[in-house]
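Here is a short tour of one protein model, written for reading alongside the structure. Keep the viewer open and follow the headings in turn.

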Amino acid sequence: MFKIFNGTTIICVRDKNKVAMAGDGQVTLGSQVIKSGARKVRTLLHGKILTGFAGSTADAMTLLEKFENCLEQEKGDLMKGAVKLVREWRLDKALRRLEAMMLAADKNMTLLLSGAGDVLEPEGDVASIGSGSGYALAAGRALREATDMGAEEIARRSIELASDICIYTNKNIKVEVLEIANE
């Protein structure tokens with residue numbers, strides 16, 4: 001079962017040319033905003049993998065480092081690296097306590113990773129995690145279906161719309177993009 005993490009919203013949107021991942025910048029401790037410009041979306045493997053995290057910052061940073069190591073060991077294979085990370089996350093006594101979720105994407109797929117042992121490939125071209133996830137997901141799907149906006153524009157606008165509703169999400173948005181080569 002997924003745990004909702006207060007303090008962030010991450011969305012990943014795909015179109016035929018790009019994969020865009022966006023996240024807000026708000027870090028909340030209790031009812032207080034501690035930081036408004038955190039960077040929760042990052043690239044790994046020299047820009048080949050997009051990642052976004054929700055949850056405890058220290059836990060997420062630990063997982064990102066481990067994930068990059070897993071990806072390097074699996075020669076950049078997103079699925080194999082994700083399975084390796086989640087297996088270790090689930091079985092290691094110290095890692096098991098980490099409270100975070102991640103979205104990871106390459107040019108071929110998007111995956112949702114959790115400490116409950118989940119490695120899921122969400123349906124469709126839009127996926128999200130975090131406290132404002134439902135709002136961003138609904139906005140992203142609607143914009144994807146009803147407009148000609150590209151992945152980057154949809155990701156950014158979805159976080160903006162979620163921030164109007166979710167008190168744990170702000171409009172200080174960071175976006176990372178992968179170009180998909182037409183092969």
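## The open sheet

In this predicted model, five strands come together as an open sheet, in the order β5-β6-β7-β8-β9, with antiparallel pairing. At the edges sit β5 (41-44) and β9 (119-120), each of which pairs on one side only.

Let's look at the β5 edge. Strand β5 is joined to strand β6 (residues 49-55) by four bridges, and these two run antiparallel. If you want a residue pair to find on screen, Thr43 stands opposite Leu50 in β6.

## A hairpin before the sheet strands

Now step back along the chain to β3 (residues 27-29) and β4 (residues 32-35): these strands run antiparallel and are joined by three bridges. Here a handy pair to pick out is Thr28, which stands opposite Val33 in β4.

What lies between the strands of the β3 and β4 hairpin? There are two residues between them, and in this hairpin Gly30 takes a positive phi near 65°.

## A positive patch

Finally, turn to the surface. Arg90, Lys93, Arg96 and Arg97 form a positive patch there. One of these residues, Arg90, has its place in helix α2 (residues 78-91).

Why can Arg90 count towards a surface patch? Patch residues need over 30% relative accessible area and no salt bridge. Arg90 has a relative accessible area of 42%, so this residue passes the area cut-off, and with that value Arg90 is classed as partly exposed.

Definitions and conventions. Residues numbered from 1 in each chain as written. Predicted model: local features only at pLDDT ≥ 70, side-chain atom pairs only at ≥ 80, totals over all residues. Heavy atoms only, no water. Patch = residues over 30% accessible without salt bridge, like charges linked within 9 Å, V, L, I, M, F, W, Y side chains within 5 Å. Areas by Shrake-Rupley, 256 points an atom, 1.4 Å probe, with all protein chains shown as cover. Salt bridge = Lys/Arg side-chain N within 4 Å of Asp/Glu carboxyl O. Lys, Arg positive; Asp, Glu negative; His and termini not counted. Charge placed at Lys NZ, Arg CZ, Asp CG, Glu CD. Buried < 20%, exposed > 50% of the residue type's maximum accessible area, 1.4 Å probe, protein only. Pairing = 2+ DSSP bridges.
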